[in-house]
Amino acid sequence: MADPGSEARLIPTWLVLPIAIAAVLAIFLTTPAGRRMWTALGLSRPFGRGPSKQDLDFLMHACGGDRRQLARRLEHERARFPDLGEVDIHRRAIRTYLNARPPSSEDSDR
């Protein structure tokens with residue numbers, strides 16, 4: 001006679017471990033440490049909503065087109081605010097840039 005509980009299994013035992021590993025990995029990749037690891041591996045962003053094209057263009061212009069300087073600015077903001085998401089990190093980098101630049105003559109006319 002067969003084990004009475006064996007017929008009620010919905011997921012085969014051999015499939016539970018790979019599903020659990022995939023779930024844990026997916027959750028880890030949503031954390032700041034997971035995102036840093038993903039970026040360090042050189043993989044593209046699998047995450048949800050990212051910074052807008054306008055934010056990226058502004059920061060790239062602020063860095064003189066230097067991608068390494070842009071990466072340093074963003075990493076600096078990530079270190080200061082480790083709990084923020086990518087959109088907020090980019091916005092913080094923009095605010096930091098705007099606060100650090102000297103006021104222009106256009107700003108004083110307003």
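## Helix α5 and the cavity beside it

Helix α5, which runs over residues 86–100, has 15 residues and should therefore span 21 Å at 1.5 Å a residue, and the 21 Å between its end C-alpha atoms agrees with that expectation (the expected span being 1.5 Å times one less than the number of residues). The model is a predicted one, in which local features need pLDDT of at least 70 and side-chain atom pairs count only at pLDDT 80 or more, whereas totals for chains, interfaces and linings use all residues. Residues are numbered from 1 along each chain as its sequence is written, and side-chain values use heavy atoms, with hydrogens and water left out.

The protein chain contains six helices and zero strands (DSSP runs of H or I with at least four residues, and of E with at least two, numbered from the N terminus), so that the order of elements from the N terminus reads α-α-α-α-α-α. Of its 110 residues, 17% count as buried, that is, under 20% relative accessible area with a 1.4 Å probe, protein chains only. The chain exposes about 8600 Å², of which carbon and sulfur atoms supply 60% (Shrake-Rupley method, 1.4 Å probe). Among the contacts (heavy atoms within 4.5 Å) with a separation of 6 or more, 35% join residues 24 or more positions apart.

### Packing around α5

The buried residues of α5 are Glu86, Val87, Ile89, His90, Ala93 and Ile94, and their packing partners are α2 (32–40), α3 (53–62) and α4 (67–80). Two buried residues, Glu77 in α4 and Ala93 in α5, can be set side by side; the contacts in the table leave aside neighbours within four places in sequence.

| Residue | Helix | Relative accessible area | Contacts |
|---|---|---|---|
| Glu77 | α4 | 2% | Ile89, Arg92, Ala93, Thr96 |
| Ala93 | α5 | 3% | Leu59, Leu74, Glu77 |

Glu77 and Ala93 thus touch each other across the α4 and α5 helices. Ala93 is also in contact with Leu59, a residue 34 positions away along the chain, and the C-alpha atoms of this pair are separated by 7.7 Å.

Arg78, which likewise lies in α4, is in contact with Glu86 and Ile89 once its neighbours within four places in sequence are left aside. From Arg78 to Asp88 the sequence distance is ten residues, and the C-alpha atoms of the two are 9.6 Å apart.

### The cavity

How many cavities of 30 Å³ or more does a search of the whole structure find? The search returns one, and the volume of the largest cavity is about 80 Å³. A cavity here is a set of points, on a 1 Å grid over the protein atoms alone, where a 1.4 Å probe fits but cannot get out, and lining residues have an atom within 4 Å of a point; points are joined across faces, edges and corners, and the volume is that filled by probe spheres set on them.

The lining of the largest cavity consists of Pro32, Arg35, Arg36, Arg78, Phe81, Pro82, Leu84, Gly85, Glu86 and Ile89. The elements that give two or more residues to this lining are α2 and α5, and α2 gives the most, with three residues. By class, the lining residues divide into five nonpolar, one polar and four charged, where Ala, Val, Leu, Ile, Met, Phe, Trp, Tyr, Cys and Pro count as nonpolar, Asp, Glu, Lys and Arg as charged, and the others, Gly among them, as polar. Arg78 and its contacts Glu86 and Ile89 are among these lining residues, and Glu86 and Ile89 also belong to the buried residues of α5.

Notes: Buried < 20%, exposed > 50% of the residue type's maximum accessible area, 1.4 Å probe, protein only. 1 Å grid on protein atoms, 1.4 Å probe; cavity = no way out; pocket = protein on both sides within 12 Å on 5 of 7 lines; lining within 4 Å.
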